[in-house]
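The exercises below are meant to be worked through with the sequence and the structure side by side. Try each task before reading its solution.

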Amino acid sequence: MALWRGRRENSFDPDQLRIEGAPRGRLARRIRGHLRRLEPIAMLTPRWSAPQSFLEDVALDLAVGEPEIGCRTVSFRPLMGRSTAEARNFLLRVLGELGGDMGYGVPMVVDRRGFMTAAGMMLDAAQEDSDYPVALLAHGAEHVPVEILEDLVEVWSRYVEDVGSARRFTMLLAGSVDTPGLAVDGATRIDLADFGEHEAAESLIVHIGQVDAQQIERAARFSGGVPAIVQALGTAGLGGLSSPEAYLRAMGPLGEEIRGAVLNAMAMPHAAERLHDLFGGEPRVEEPELDRPLLMSGILRRVRKVGPPQVALRSPAIAAAAG
């Protein structure tokens with residue numbers, strides 16, 4: 001009887017519901033595990049998924065945990081509109097900050113051959129001279145010319161072939177577009193998840209402090225867990241906000257951006273009928289040809305269900321923007 005009572009009292013951890021309701025937290029733990037094993041990651045970051053703050057949190061956890069991993073988090077967004085030569089030299093400066101000291105400054109290159117040679121030297125320096133393993137966490141890869149990403153992946157492959165299991169460097173490449181340039185050899189493919197409802201509520205509380213619980217709950221549900229929406233509502237505050245229209249106005253430029261994305265999507269052939277079918281919030285079986293542009297635009301998300309793949313509207317804010 002004593003054993004039976006012990007099992008009954010200890011069979012369920014009340015915190016488990018909160019943990020299971022935190023998909024972004026689960027994903028962060030999974031990514032930290034891969035990076036601690038120095039395994040590369042190719043991550044798809046849907047629109048409005050706020051990858052920078054996510055990766056900065058991952059980097060901090062890796063820096064203070066065991067084993068210690070030194071991380072360099074970088075955004076490739078500054079490369080938007082830059083020339084190929086500028087992009088190559090930007091990448092070399094990033095690689096030069098990974099901990100290796102070659103005894104001279106980062107070289108300037110003008111062509112593909114020079115970039116690949118210099119990048120290989122940077123990885124060799126990081127391998128030999130860094131005091132601890134290092135990881136490059138880079139997002140915004142859609143702003144880097146595809147041929148440069150492919151060259152970086154080729155340099156990585158040569159580095160892995162040379163050092164084998166003794167490697168002390170890894171990288172995570174993240175982008176909002178699934179391009180061949182993200183195809184790092186041996187990389188784990190991961191989609192960056194949105195917040196769960198509990199995570200969204202906790203993030204809102206961090207931004208605005210303790211307010212009425214029902215206000216927090218309504219705002220978290222309206223956001224759908226989309227990180228950029230959660231951040232915009234947290235920055236605006238929830239005082240006096242209760243209707244979808246009020247939430248959208250409070251979101252400022254982001255609300256207008258979502259409205260524009262919905263209007264553009266509804267102008268695509270057959271997309272308006274598909275979206276109206278999804279505005280009710282219920283998942284539908286994925287139609288790849290029709291749903292792919294809507295997934296890439298950030299309007300839809302895939303959902304885990306038994307049976308064939310399904311999609312759903314990513315946030316009630318999107319339906320409100322269409323109205």
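A salt bridge is counted when a side-chain nitrogen of Lys or Arg lies within 4 Å of a carboxyl oxygen of Asp or Glu. The model used here is a predicted one, and by this rule the count comes to 15 salt bridges.

**Exercise 1.** Find which residues are linked with Arg 158 in a network of salt bridges, and describe its pairing with Glu 154.

Step 1. The network links Arg 112, Asp 151, Glu 154 and Arg 158.

Step 2. Within this group, the side chains of Arg 158 and Glu 154 meet in a salt bridge with an N to O distance of 2.7 Å, which falls within the 4 Å cut-off.

Step 3. Both residues belong to helix α7, and because they are four residues apart, about one helical turn separates them.

Step 4. Arg 158 counts as partly exposed, at 45% relative accessibility, and Glu 154 is likewise partly exposed, at 30%.

**Exercise 2.** Work out which parts of the chain are tied together by the salt bridge of Asp 194 and Arg 314, and decide whether these residues are buried or exposed.

Step 1. The side chains of Asp 194 and Arg 314 meet at 2.8 Å, N to O.

Step 2. Asp 194 lies in the loop between β5 (188-191) and α8 (197-208), while Arg 314 lies in the loop between β8 (310-313) and α15 (316-322), so the pair ties together parts that are 120 residues apart in sequence.

Step 3. Asp 194 and Arg 314 are both buried, where buried means under 20% relative accessible area.

**Exercise 3.** Do the same for the salt bridge of Glu 257 and Arg 47.

Step 1. The side chains of Glu 257 and Arg 47 meet at 3.4 Å, N to O.

Step 2. Glu 257 is in helix α12 (residues 253-266) and Arg 47 is in the loop between β1 (41-44) and α4 (51-64), so this pair connects parts that are 210 residues apart in sequence.

Step 3. Glu 257 is partly exposed, with a relative accessible area of 35%, and Arg 47 is partly exposed as well, with 31%.

**Exercise 4.** Describe how helix α5 and helix α7 cross, and which residues meet there.

Step 1. The axes of α5 (residues 84-96) and α7 (residues 146-163) come within 10 Å and cross at roughly 35 degrees, and the crossing is right-handed.

Step 2. From α5, Thr 84, Ala 87, Arg 88, Leu 91 and Leu 95 meet Glu 147, Ile 148 and Leu 152 of α7.

Step 3. Sorted by kind, the residues of this contact divide into five nonpolar, one polar and two charged.

Technical notes
Residues are numbered from 1 along each chain as its sequence is written. This is a predicted model: local features need pLDDT of at least 70, side-chain atom pairs count only at pLDDT 80 or more; totals for chains, interfaces and linings use all residues. Side-chain values use heavy atoms; hydrogens and water are left out. Axes are lines fitted to C-alpha atoms, for helices over the stretch in contact, and angles run from 0 to 180 degrees between N-to-C directions. Helices (H or I, at least four residues) and strands (E, at least two) are DSSP runs, numbered from the N terminus. A crossing is left-handed if the near helix is turned anticlockwise from the far one by less than a right angle, and right-handed if clockwise. Contact means heavy atoms within 4.5 Å. Ala, Val, Leu, Ile, Met, Phe, Trp, Tyr, Cys and Pro count as nonpolar, Asp, Glu, Lys and Arg as charged, and the others, Gly among them, as polar. Buried means under 20% relative accessible area, exposed over 50%, partly exposed in between (1.4 Å probe, protein chains only).
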